[in-house]
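Trainee: I'm new to this one and would like a close look at a single part. Could you take me through the sheet that has helices lying over it, and then follow the chain wherever that leads?

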Amino acid sequence: GYHLIKVTDKRKSRGTIQAAHIMIATNKGASTTDVQTAKKKIDEIYQMLENGEDFETLARKFSDDPSTASKGGVLPIFGTGTNTRMVPNFEEAAFNIQEDGGYSQPIQTEYGFHIIKRISLSPVKDYESMHRELQNRVSKDERSKKTQDSFVAKLKKTYNFQEKSPKTKVWFYDNIDSMTFYKGQWKYDLLKKNKVMFVLDGKKYTQKDFAEYLNENHRMIRIDVTKTMVDNKYEDFKKESILNYEESKLSAKYPAYKALMQEYHDGILLYEIMTDKVWNQAMRDTTGLKRFFEANRSNYMWEERFDAMVYECLNAEIANQVYAMIQNDTINSKHVLEKINKESELNLKVRTNKFEHSQVDYMKGQNLKLGNNRPYEFEGKHYVIQVNEVIPPTQKELNEAKGAIISDYQNQLEKDWLNELEKKHPIIVHEDVLYNLGK
């Protein structure tokens, strides 16, 4: 519709920013206790920064953002002209940091708590640098219509466009009922004579053609005075008809375009066939998938695994304290967490699982045995690992390796399909011609 806009404030475009963050996550349904714990953690990390500790190191140690933690918290560039968007209060806090290397106080977003570091700020580029980008934007907005109108005017001359009497529109003024038309219920069966409205390259466009166009596009038509609406849509109808006609001629006028369209056609056709015969088939055919799995069970094996409790400690002193505590069989991980994290939530993380230890970085190369293993350091973190059971190599069940099995089954279906095609359509290579190409 129509809008009245009042400007209440202005600011210059801020350009783009490269930033990093440390995040302590809170889930959407997090309890008050969980939020308070997260707040306590981020405040402790902020105090460490204030005491001179390195931002990158703290991000790697404590950040809950898996996509950035390993990179020291570095985020994609965001700001004016980029496709990356941050939540408003995050973006506001980032741009308010006054210098490269500076960092914000902890802020809260819908994802949790963050400390943001400014790496670099790039102001808006000069006109010469942005010329091509601006040109692309203009080509997609209202101003591009002027260029299109000019192009349509040239096509009218090329294809000898001839408009007939404007009286051909009068029938529509008199016979469109706004009560039915905008609901898509308008009938044009009263149209008896079907007069020609315009001619393009010898092809006649009639009142019936225009009536069908109106019916097909009624949802996109704004409610207006009937005469105004008909006049506007008739101009759209002429323009669309001329452009469609030009498009139909492109293959004949430009051989390279014809070849490209054929390539797209063949590519889409092949994609549809592959989807039907290979990719979707592997997921739909549960019986075939089970049969394939049973025939290839030995390919899907668990390596030796540890059923283990992993204590990830802030420093060597805490690791030794944890190791001493778990020697007592009556103490469980909950007791250890409560005691070690009494002063700081950053001191200790605990996780339990069945670990394929050859695939876990901090377990590789460690001589881990059944029971409580002595503390060790890996990439600045200290670990104590309690191995409850050593599980020997075993075959995986279907649900444990379904992704890999589906992928392998797809490869088998594709191979079978290609073999079928090769038998149906034998390939004959004329080697005498092939090996004469170099000559």
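Mentor: Start with helix H2, which lies across strands E1 and E4 and runs at about 45° to E1. Keep in mind that this is a predicted model. H2 has company there: H1 lies across E1, E3 and E4, running at about 40° to E4.

Now look at the sheet under discussion. Four strands make up an open sheet in the order E2-E1-E4-E3, and their pairing is antiparallel. Strand E2 (78-79) and strand E3 (107-109) stand at the edges with a single partner strand each, so one side of each has no neighbour in the sheet. In the middle of that order, strand E1 (residues 16-25) pairs with strand E4 (residues 112-122) in the antiparallel sense, over 10 bridges. If you want one pair to find on screen, take His21, whose bridge partner in E4 is Ile116.

H1 and H2 also turn up around the largest pocket. That pocket has a volume of about 800 Å³. Its lining consists of 30 residues, and those nearest the centre are Arg60, Lys61, Glu312, Lys349 and Lys381. The elements giving two or more residues to this lining are helix H1 (32-50), helix H2 (55-62), helix H3 (66-69), strand E9 (305-313), strand E10 (348-355) and strand E13 (381-391). H2 gives the most, with four residues. Sorted by class, the lining holds 12 nonpolar, seven polar and 11 charged residues.

Further along the chain there's another sheet to compare by eye. Here three strands form an open sheet in the order E5-E6-E7, again with antiparallel pairing. Strand E5 (162-163) and strand E7 (203-206) are the edge strands; each has a single partner strand, so one side of each is left without a neighbour in the sheet. Strand E6 (residues 196-200) pairs with E7 in the antiparallel sense over four bridges. Along that pairing, Val199 has Lys204 of E7 as its bridge partner, while Leu200 stands opposite Lys203 in E7. E6 and E7 form a hairpin with two residues between them, and Asp201 in the turn has a positive phi of about 55°.

While you're looking at phi, check two loops leading into this sheet. Asn160 sits in the loop between helix H6 (144-158) and E5, and its phi is near 50°, a positive value in a residue other than glycine. Asn194 is in the loop between helix H8 (178-181) and E6; this residue isn't a glycine either, yet its phi is positive, at about 55°.

This sheet has helices lying across it too. Helix H9 (residues 207-216) lies across E6 and E7, at about 60° to E7. Helix H10 (residues 226-253) lies across E5, E6 and E7, and runs at about 30° to E6.

To finish, let's see helices packing on each other. Two packed helices are described by the angle between their axes and the distance between the axes. Helix H13 (residues 316-325) packs with helix H14 (residues 333-340) at an angle of about 145°, with the axes 11 Å apart. Their crossing is right-handed. On the H13 side the contact is made by Ile318, Gln321, Val322 and Met325, and on the H14 side by His335, Val336, Lys339 and Ile340. By class, that contact has five nonpolar, two polar and one charged residues.

Terms used: Residues are numbered from 1 along each chain as its sequence is written. This is a predicted model: local features need pLDDT of at least 70, side-chain atom pairs count only at pLDDT 80 or more; totals for chains, interfaces and linings use all residues. Side-chain values use heavy atoms; hydrogens and water are left out. Two strands pair if DSSP finds at least two bridges between them. Contact means heavy atoms within 4.5 Å. Axes are lines fitted to C-alpha atoms, for helices over the stretch in contact, and angles run from 0 to 180 degrees between N-to-C directions. A crossing is left-handed if the near helix is turned anticlockwise from the far one by less than a right angle, and right-handed if clockwise. Ala, Val, Leu, Ile, Met, Phe, Trp, Tyr, Cys and Pro count as nonpolar, Asp, Glu, Lys and Arg as charged, and the others, Gly among them, as polar. On a 1 Å grid over the protein atoms alone, a cavity is a set of points where a 1.4 Å probe fits but cannot get out, and a pocket is an open set with protein on both sides within 12 Å along at least five of seven lines; lining residues have an atom within 4 Å of a point. Grid points are joined across faces, edges and corners, and a volume is the space filled by probe spheres set on the points.
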